[in-house]
Amino acid sequence: MDYQALYRKYRPQTFAEVIGQDHVTTTIAREVVDGKVAHAYLFAGPRGTGKTTTARLLAKSLNCENLQSNGEPCNSCLSCNAVTEGNSLDVIELDAASHNKVEDVREIRANVGTVAVAGGARKVYILDEAHMLSRAAGNALLKTLEEPPEHVVFVLATTEPYKLLDTIRSRAQRFDFLPVPVEVLIDYLDDISVREGFSATADGLAGVATHARGSVRDAMSLLEQVAALGSGSVESSVVARALGLADRDAFAKLATAVANQDAPAALALVSELAARGGDLRRFVAEAMGFFRGVFLAQYAPNLEEIADEPLDTLEEWRRHAQVLSPTEVLRAVDQLSEALLNLRQGREERLVTELTLIRLTRPDTSLDADALSARLERLEQRVQGTGPASAPVHRPAAPVPVTAAAAPPQAAHEQEPPTASAQAEEPPPVEEPAQPEEPAPASPQAAPTAPQDVAPAPVSETAAADIDLATFESAWPAIAARMRDLAGPSRHALLKEVRPVSVGNGTAVFELPAHLPFHLQQLRADSELHELLGRAAAELVGGALRMEFRAQSETSQAKDAAPELMRAPDKDDLVAEDEGAIDPTDLVVDMLGGEVVDEQS
């Protein structure tokens, strides 16, 4: 016998041999045993999941001479052998892609009335790729599909059921075939490898099963290809060579480069892939899937239930999820998806890939808001990591900070009145106490503030004195973006309406349009917002600032104030005309610049 492909050689011959579709095969076998077979079936699902195979098994069971009690065919009678060999006259397989005209449907209708070859047998019409039927052909098939002869059964198989007419779908009993889970597919490929004498490793089989995307036929074809390339060996490196993919370690190297902001390592990875002839477009797509998995590991505790991947892949996702921040992961997914779109448009593959990895590993080269957020988050992590270690060196031991550190944030606010006298003795102005977790200024020379500090450090006050309006205005968009994470979207919406108008003496003054009095009231009353805004300003401009909000009318009056006019005198001053009193007539003439004219009668 000539050589057969693995997916043909090991095509299931019983319902039990169909993997991953127990909900379909069990139901159909029970219908055959109970004699409740429908006149039409619709098998829908991805390619290579067993739709046509199940249709043949249904035909085999309906015409089996020695049907078993569980609905399985005997595979030994003449009818079963004829169906297995593909020469049964009672099983008619048609390809709807080439039989999609009205004339083809009319021929089917004419042949439907023909009785089966064997007495009491069923004629089974298997129409593959049924969605390729034209609208006219589908309408011509409706009547026959709804009321066929008793000895005829129609089976429509399709990968795109939504393209079928609603009237056709409503006349058939529908079964949805699902992608085969990775673990089930790995066990099946391992069994096939043992039968064929392949030397297969767990990583190699996992790579084949993962790239098959739930298709048994694709997995068998890929297994055959990899075994031929590796001379009977199925390993992950051979799988990568056969598909032009990056090794599994490549994505771990990429994640490490992003975490360490190591651009040379990322570029070296691209160079290595290109030297091996790897498919950079597929690498970008696989990298996007990898970071998607890391994102799921960060937010989904039930990762095994929502991701169909091998267990070692899930553990790798979790390991990198502890190193990368959520902002970095989401930004990686966005950047890689944009790069994939550019590659599909025919852009230069290596250049697009290198630029994308540069943006991922060096956020300072990108001006988008996500890059800025990633930089701020990484800076905050570094400050929080070094703050507690340097606090004892920066601040001398004193009983008051120890008490403040031992009390919770609410207690620190309650202790504010007793410390007012101590603060009044200090030259700097009294400021609102900072939260214990306030990060240190972003200046590399300044030591981070200890969590026990109640008042800002002198270094912050000195840095704040050097801040001018131009510097603060250039940093304000970044400060406002940072406040979205610190204060929430509702407070961030209030800050969208303000603009800085002056900075001096450690105070930043913001102007608010005059028609928004409610916003102004909210901003002035929210002390927590002031504190968070001061924290964001300290991170980005290197100095602590107090925040003051004014209405636009108030600011305009302060800037454009006219010389003070003469105050109107009190009425007591106008009672008498004694010496030194004010004459009302003279006052009016002087204020209005007029003269007194006698009325002419």
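Is Cys74 buried or exposed, and at what relative accessibility? I looked this up first and noted that Cys74, at 18% relative accessibility, counts as buried.

**Confidence.** I am working with a predicted model, in which the protein chain has a mean pLDDT of 77 and 74% of its residues reach 70 or more. I marked residues 386–462, where the pLDDT is below 50 and where the model nevertheless gives 63 contacts beyond near neighbours in sequence. I marked residues 561–565 as well, with a pLDDT below 50 and one contact beyond near neighbours in sequence.

**Cysteines.** I searched the whole structure for disulfides and found zero. For Cys74 the closest cysteine sulfur is that of Cys64, and I recorded no bond here because the 3.4 Å between them is too far, a disulfide requiring sulfur atoms within 2.5 Å. Cys80 is likewise in no disulfide, the nearest cysteine sulfur, in Cys77, being 3.3 Å away, and I noted that Cys80 counts as buried at 0% relative accessibility.

**Helix α2.** I then followed α2, whose 13 residues (22–34) reach 18 Å from first C-alpha to last, close to the 18 Å expected at 1.5 Å a residue. Which residues of α2 are buried? I listed Val24, Thr25, Ile28, Ala29, Glu31 and Val32, and they lie on the same side of α2 because they cover an arc of only 160 degrees around the axis. On the other side of α2 I found Asp22 and Thr26 exposed. I traced the packing of the buried residues of α2 to β1 (40–44), α3 (51–63) and β5 (173–176). After α2 comes Gly35, for which I noted a positive phi, near 70 degrees.

Note on methods
Residues are numbered from 1 along each chain as its sequence is written. This is a predicted model: local features need pLDDT of at least 70, side-chain atom pairs count only at pLDDT 80 or more; totals for chains, interfaces and linings use all residues. Side-chain values use heavy atoms; hydrogens and water are left out. pLDDT is the predictor's confidence in each residue, from 0 to 100. Contact means heavy atoms within 4.5 Å. Buried means under 20% relative accessible area, exposed over 50%, partly exposed in between (1.4 Å probe, protein chains only). Helices (H or I, at least four residues) and strands (E, at least two) are DSSP runs, numbered from the N terminus. The expected span of a helix is 1.5 Å times one less than its number of residues. The arc is that of the directions from the helix axis to the C-beta atoms.
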